[in-house]
Structures are given as structure tokens and as C-alpha cells.
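Here are a few exercises to work through with the structure open beside you. Try each task yourself before you read its solution.

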Amino acid sequence: MTPPPAVPAALHPLVAAFLDDRAAVRAALHRFGSPVHLVFPQVFTANLAALRGVLEGAATRYRICYAHKVNRSAAFAGTAAAAGIAVDVASARELLSAQTAGFPADRIEVTGPKGAAMLRTALAAGVTINVDNLWELETLAALSDPKTTVPVLLRISGFPGSSPSRFGIDLGDAGAAFDLLTRHRDRLRLLGFAFHLDTAATVERVQAVAECLDLVERAYGHDLMPTVLDIGGGLRQVFTADAAGYDAYDHALRAGLLGHGRAVHWGSNTFGYHVADGAVHGGPVFHKYANTESAADILADLLGAPLPGHGGRALSRVLADNLLELWLEPGKALVDQAGITLAQVEFVKRAGNGATLVHLDLSRDTVTAADQEVLIDPIVLAEPVVPDAVGVYFAGHLCLERDLITQRQVRLAGVPAPGDPVVFANTAGYHMDLSAARASMHPVPAKVAVLHRDGEFDLCPDADYRPEVR
Ligand SMILES: *Cc1c(COP(=O)(O)O)cnc(C)c1O
């Protein structure tokens with residue numbers, strides 16, 4: 001059987017050096033057990049420096065708010081706090097984590113949908129509130145202490161050309177929001193406007209910025225003085241080290257779905273593709289793994305994009321000319337390549353359909369959301385006893401048919417052996433924490449911070465990690 005093409009993962013040099021240090025890898029598994037999530041705060045710091053580099057070169061003032069929800073890690077939160085940036089939290093526990101990490105109230109912003117309890121918590125903490133809807137705005141006015149004013153951003157959605165969003169205040173309801181802000185101007189202080197788009201497209205963000213600038217003008221007409229434009233998150237990650245490998249794999253997968261080649265998919269999974277009339281239609285669930293453009297480049301593109309209706313001036317220039325501060329809320333871009341998950345092979349078996357199943361001591365939900373498929377290959381950190389390339393499926397330890405960690409064949413240099421370490425690359429952004437399974441009473445894997453110091457790798461439980469203050 002010819003194995004499918006390889007899709008090698010991009011690894012930050014620091015992470016690659018750690019994986020090359022087999023003694024350090026063994027020490028991590030020995031000390032903290034398998035599986036284990038490893039986070040690399042120094043990679044976070046490098047990602048932050050890259051974004052700051054772009055922003056420092058632009059005309060506008062800015063604020064970076066790390067979107068905490070991307071990872072529960074205290075080490076990342078602490079690193080962000082020590083670096084002097086702000087944080088975006090979306091729950092009471094995230095707020096507590098941010099406070100514990102050392103963020104002062106004026107560098108914390110609460111986003112997402114909030115009930116009355118969360119609004120009370122946010123008010124008591126004295127943080128900025130990124131308002132999702134008119135009920136929230138009205139409730140804030142009612143709950144707030146008349147002696148203070150609450151700094152608010154209005155999250156806007158419903159931009160022409162963007163897909164519908166369940167979040168935010170529709171553009172058409174901006175007038176009602178202005179009325180509320182005017183009526184409660186002793187209690188609510190409009191900082192500015194915000195959006196967060198579930199897309200990678202620069203054109204949609206440019207359009208949203210243009211609409212928000214119109215809102216800024218309208219706000220002036222109500223004697224409101226907004227100074228902030230918050231463009232949310234959505235800067236992308238780079239997963240693959242080899243875009244051609246990704247394309248070759250995708251091609252092989254589609255050929256297999258059509259029955260034109262050997263199937264490399266498990267069962268009836270089509271990965272979001274729709275097979276009909278002798279063709280494969282639609283886009284795959286794994287398309288994010290194809291990206292090769294760095295977050296810094298995407299940000300530079302956006303800041304330099306000419307803003308329609310503003311004489312072709314670049315977006316960052318228009319913001320500066322309007323005395324607006326640019327806020328952004330990167331999540332996954334800050335933790336890109338800053339985390340991995342280590343597991344171990346338990347055994348290898350042959351299934352009735354002839355497939356080779358490599359069983360691991362973790363479940364699919366520990367490294368990805370169930371409805372996703374990761375299109376970079378897990379890495380086996382051991383030489384095979386018999387070097388002979390094979391295509392295998394990685395299987396999880398839940399007794400559920402769906403707990404195949406890869407629903408697709410992965411090319412390996414040979415069949416692995418029990419005890420071999422297996423690495424899942426780039427899991428810090430939503431992969432390791434979004435849906436960690438607690439089924440079958442398997443314990444949640446430990447999370448450990450890895451620090452490279454004096455040529456050695458130090459390991460520290462994530463919760464105990466203390467960043468060095470700049
Ligand atoms: C999730 C989220 C982010 C972070 O998004 P990324 O795509 O990880 O950068 C930023 N802002 C808001 C409001 C969010 O909900």
C-alpha cells in the first residue's frame with residue numbers, strides 16, 4: 001500500500017530544539033505523565049514582538065489585548081501581563097485569571113455575551129466592558145454606581161458583505177445605542193467601537209473599519225467622544241512547514257473520496273467536502289492548516305490597506321488622523337506554535353478493513369475539536385524498528401467509535417512501538433483547551449511551561465510559572 005503524502009508541521013525553532021533534546025522530552029513525560037500539554041512562554045513573547053514590530057512602524061497609537069479564551073494557561077496570561085499589554089476576558093474565571101496574572105483593571109476588557117451576574121462582576125472589578133447588545137447597555141446603566149462612569153465599547157456587527165453574526169449590536173440599531181448612551185451619560189462613557197469577525201479576509205475588516213468610522217462621526221453628533229476602534233482578533237496561524245505537502249495530501253484525499261485512488265479517509269468522513277456528480281465540492285473543515293501568511297504580515301496588510309472613501313489613505317493613517325487608538329484582540333496569533341501536546345503509543349493493531357491503528361493514551365478532544373480534522377501530521381519521536389513508510393490512523397483511548405484522533409491516514413517512517421512518544425504540534429491555540437474530554441474518567445492532562453535558559457529546558461507546572469518582568 002502506498003502511504004499518503006506527508007504534511008510536516010511548522011515548528012518554532014525553540015520547540016524544535018526541545019524535541020531534539022530527547023532527555024528533556026523523556027523528563028517531561030516522566031515527571032508530569034502522559035499525555036501532557038506543554039506551553040512555551042518565550043514563543044508567546046516572540047509572537048508579541050512580531051506584532052508590536054508591525055504596529056510600531058504604523059502611524060497610529062495602539063493597544064494589544066490578548067484574547068485569553070484561546071488557552072487557559074496561567075503562564076501565557078502572566079507573560080502578557082508582564083509584557084505590559086492588555087487582556088480580553090470572556091468569563092468570570094478568565095477575569096480572575098487576568099487579575100491573578102497582574103493585569104490592572106484599566107488593562108482588562110470583558111467581551112462576549114454576559115448575563116447580569118457577569119455584568120455585576122465586571123462592574124465591581126472596574127474593567128472596560130465591550131458591550132454585546134442593547135439589553136447589556138441598559139442593564140449596565142441600571143446596575144452601575146452613580147458615582148462612577150463605566151468605560152464601554154460597543155461591539156458592532158451586521159456589516160455589508162459580512163456573514164451574519166450572533167454577536168454584537170446590528171449597525172441598524174446604532175441609533176438606539178446612541179440614545180441609551182446619551183440618556184445615561186452620567187453612568188456610561190463611550191470609549192469607542194469594536195468588532196470581531198470570524199474571517200481571515202482583509203477586505204471584510206477594511207469594510208468594517210469604514211463603517212465604524214461613520215459611527216464615530218455619528219457619535220460626535222450626539223456629543224459623545226469615542227477615541228478607540230477595536231478590530232478584534234482573527235490574525236491567522238501558520239501550521240504547515242510545507243504548503244506543497246498540504247496540497248498533495250488534499251489532492252490524495254479528494255481522489256480517495258471519489259474512488260479514483262486509494263482511500264486515505266476513515267469510514268464515511270468527508271471532512272466538509274460534498275461528493276456528488278463525480279466531483280468533490282465545497283471547502284474542507286481543515287482549510288486553516290493551509291495558511292502560510294504570518295500574523296504579522298496579515299496585520300501589516302490590513303494597516304496599509306487603502307480605506308475606501310478616505311482619499312486612498314492607509315487604514316492606520318486614517319485612524320491616526322482621526323485621533324483614534326487602534327485596539328486589537330489577538331488570541332491564536334499570540335500562541336501560534338507556542339504549545340504542543342505529548343502522548344505515547346500504547347499499542348498498534350490491524351483493523352478488519354486492513355487499516356493500521358496506532359493507539360495512543362489520549363483522546364481526539366484533547367488535541368482538537370471533534371468536528372475538526374488536523375491537517376498537519378503528528379510526529380513520532382523514535383526511529384522505527386523496521387524503516388518502511390506506512391499510512392496509519394491514530395486512535396484514541398475512549399471507547400467510542402468516533403475517538404479516532406486522525407480520521408485520515410498519516411504517513412510515518414515505519415510502524416511505531418509501545419512507549420514511543422508522539423507529538424501534536426501547535427496545539428496552544430484552541431486545540432488543547434477547547435473541549436478537553438472528561439469522559440471515561442481519564443484525568444485531564446497536566447499543563448507545563450517550558451523555559452529555555454542557559455542552554456537547558458526547565459519545566460514548571462503552568463500554574464506556578466512566574467514570568468520575568470521586563
Ligand atoms: C475569540 C475572540 C478573539 C480572539 O480571536 P482569535 O481568532 O483567536 O485571534 C478576539 N476577540 C473576541 C471578541 C473573541 O471572541
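A residue counts as exposed when its relative accessible area is over 50%, as buried when it is under 20%, and as partly exposed in between. Keep in mind that this is a predicted model.

**Exercise 1. Place D223 in the structure, and work out whether it is buried or exposed.**

Step 1: Find the spot. D223 sits in the loop between α9 (202–221) and β9 (228–230).

Step 2: Apply the cut-off. The relative accessibility of D223 is 55%, so D223 counts as exposed.

Step 3: Check the backbone. D223 has a phi near 65°, a positive value in a residue other than glycine.

**Exercise 2. Do the same for Y430: which loop holds it, and how accessible is it?**

Step 1: Look between β18 and β19; the loop there contains Y430.

Step 2: With 23% relative accessibility, Y430 counts as partly exposed.

Step 3: Here, too, look at phi. For Y430 it is near 70°, again a positive value in a residue other than glycine.

**Exercise 3. Find out how domain 1 and domain 2 are laid out and how much area is buried between them.**

Step 1: Mark the domains. The domain assignment gives domain 1 as 1–40 + 242–286 + 338–470, and domain 2 as 42–236 + 292–331.

Step 2: Take the distance between their C-alpha centres, which is 34 Å.

Step 3: Count the residues that touch. On the domain 1 side there are 25, in contact with 18 residues of domain 2.

Step 4: Get the area. About 1700 Å² is buried between the two domains, and carbon and sulfur atoms give 58% of that.

**Exercise 4. Which polar pairs and salt bridges cross from domain 1 to domain 2, and which elements supply the domain 1 side?**

Step 1: Start with the salt bridges. The rule finds one across this interface. The side chains of R72 and D433 meet in a salt bridge, at 3.8 Å from N to O.

Step 2: Add the polar contacts, where the rule finds eleven residue pairs across the interface.

Step 3: Look at what supplies the domain 1 side. Both α1 (13–20) and β19 (446–453) bring at least two residues each to the side that touches domain 2. β19 gives the most, with five residues.

Step 4: Sort that side by type: 17 residues are nonpolar, three are polar and five are charged.

**Exercise 5. Work out why the pair of D433 and R72 ties together parts that are apart in sequence, then look at other salt bridges.**

Step 1: Get the total. The whole structure has eleven salt bridges, going by the search.

Step 2: Locate the two partners. D433 is in the loop between β18 (421–424) and β19, while R72 is in the loop between β2 (62–67) and α4 (74–82), so the pair ties together parts that are 361 residues apart in sequence. At 10% relative accessibility, D433 counts as buried.

Step 3: Turn to D321 and R317, whose closest N and O atoms are 3.1 Å apart in a salt bridge. These two are four residues apart in helix α12 (residues 315–321), so about one helical turn separates them. D321 counts as partly exposed at 38% relative accessibility, and R317 counts as partly exposed at 39%.

Step 4: Now try R364 and E373. Their salt bridge has its closest N and O atoms 3.0 Å apart, and both residues are buried.

Step 5: Finish with the network. Salt bridges with shared partners join R72, D433 and K447.

Terms used: Residues numbered from 1 in each chain as written. Predicted model: local features only at pLDDT ≥ 70, side-chain atom pairs only at ≥ 80, totals over all residues. Heavy atoms only, no water. Domains from an automatic or database assignment. Contact = heavy atoms within 4.5 Å. Buried area = accessible area lost by both parts, 1.4 Å probe. Salt bridge = Lys/Arg side-chain N within 4 Å of Asp/Glu carboxyl O. Polar contact = N/O pair within 3.5 Å; in protein donor to acceptor, adjacent residues only side chain to side chain. Nonpolar A, V, L, I, M, F, W, Y, C, P; charged D, E, K, R; others polar. Buried < 20%, exposed > 50% of the residue type's maximum accessible area, 1.4 Å probe, protein only.
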